[in-house]
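Work through the exercises below with the sequence and the model at hand. Each task is followed by its solution.

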Amino acid sequence: MSPSGTGCLGAGSTVRTRIALVYGGVFLVLGALLLLVVNLLVRAGTDGEKEAIVARAGEVAVVEAYRIGDDVGRAANEQMLMWSCLALLVIACGAVVVGWWTAGRLLRPVHEMTARARRLSERDLGGRLAVRGPDDELKELGDTIDALLGRLETAFDSQRRFIANASHELRTPLATQRAALQVGLDEDCEVRRILLDTNRHSERLLDGLLLLARGERGLAEREDVPFAEVVAEEYEDVAVAEDGVVRGSRVLLRQLVRNLVANAVAHNVPGGTVDVRVHGGAPTVVLTVVNTGPVVPPDEVESLFEPFRRGAGRDRTGPGAGLGLSIVRSIATAHGGTATAVARGAGEGGGLVVTVTLPTTVTRRS
């Protein structure tokens with residue numbers, strides 16, 4: 001039995017445990033009522049038999065007959081009560097065992113549905129519960145969940161296709177616009193510079209959306225990627241304690257590191273520092289990027305992973321598309337990992353500590 005089922009009827013107990021205990025408890029109560037009625041009836045019948053025996057005795061033996069009848073009746077009642085209670089407890093334990101077995105049989109489809117549902121995620125909605133068996137309430141529940149998964153899969157695919165298609169379709173007019181600006185306007189023209197900056201910002205935004213959509217679609221192909229080697233390609237001063245091989249996309253992992261380092265540099269202060277470290281090896285490798293910068297309130301850290309969110313002091317017209325950390329988390333999740341951040345206080349120099357944890361297949365010491 002799982003640890004969650006150790007409680008009796010508490011919130012942590014399993015349904016199977018509760019069914020078994022309720023089944024045994026109901027049997028115990030009903031059995032006790034049955035034995036009470038039987039004992040009362042037996043006692044009444046014994047008293048009647050005792051009166052009949054005494055009536056047949058002579059006058060001299062009446063007192064002795066009453067005493068013997070009382071002793072026999074008391075002994076019989078005590079024996080019946082003792083053996084009845086013992087039998088009731090044994091049968092109640094048997095009822096709990098039977099209830100446990102019955103509940104397990106009835107709940108087996110639920111356990112199978114739970115196990116299959118745990119293997120599904122928003123990046124892998126192609127699977128179905130596919131409940132088999134009689135057309136009962138459990139099968140109806142499984143079919144309803146399958147229908148819901150189908151609708152969710154369609155919605156997610158539609159959203160990802162829209163982002164990818166929109167990014168691709170808008171690249172061509174933006175490239176054409178940039179070429180026209182570079183050719184049609186003089187280099188000293190202030191309007192040319194403003195329009196080109198706006199054009200570059202739009203291109204970065206589209207590239208970010210395309211990469212975000214690619215990360216959320218999951219990984220179609222995987223390869224063994226030495227993670228520290230990828231980090232060193234993007235940041236030469238990385239400190240490597242122990243390396244691990246990540247099974248995934250080298251292109252996306254490089255983009256993850258590039259976005260983290262670029263985010264740390266862009267949100268730094270003049271004369272600030274950026275520290276990049278890789279440690280761990282099996283079963284996970286951890287990338288930590290620490291920078292100085294503006295102090296971020298702790299309750300606002302998680303929102304920085306949302307699309308189009310920027311750090312303190314940055315607006316929507318500034319450099320960057322506000323997708324850096326969103327893309328980092330999306331790529332980490334596509335590789336089965338996590339991306340988290342912790343704000344540093346003013347005494348530590350401000351900024352963030354961003355940690356990316358990825359599962360590895362092999363450990364390689366540096």
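**Exercise 1.** In which loop does T292 lie? Classify its exposure and list its side-chain polar contacts.

Solution. The model is predicted, so local features need pLDDT of at least 70 and side-chain atom pairs pLDDT 80 or more, while totals for chains, interfaces and linings use all residues. Residues are numbered from 1 along each chain as its sequence is written, and side-chain values use heavy atoms, without hydrogens and water.

Step 1. T292 lies in the loop between β5 and α7; helices (H or I, at least four residues) and strands (E, at least two) are DSSP runs numbered from the N terminus.

Step 2. Its relative accessible area is 10%, so T292 is buried (under 20%; exposed is over 50%, partly exposed in between; 1.4 Å probe, protein chains only).

Step 3. The T292 side chain has a polar contact with the side chain of N268 at 2.5 Å and reaches the backbone nitrogen of T273 at 3.0 Å. A polar contact is a pair of N or O atoms within 3.5 Å; within protein, one must be able to donate a hydrogen and the other to accept it, and residues adjacent in sequence count only if both atoms are side-chain atoms.

**Exercise 2.** Describe the side chains and pairing of strand β7.

Solution. Step 1. In β7 (residues 352-359), L352, V354, V356 and L358 point to one face and are buried. V353, T355, T357 and P359 point to the other face and are not buried.

Step 2. β7 pairs in the antiparallel sense with β5 over seven bridges and with β6 over six bridges; pairing requires at least two DSSP bridges.

Step 3. T288 stands opposite T355, and A343 has L352 as its bridge partner.
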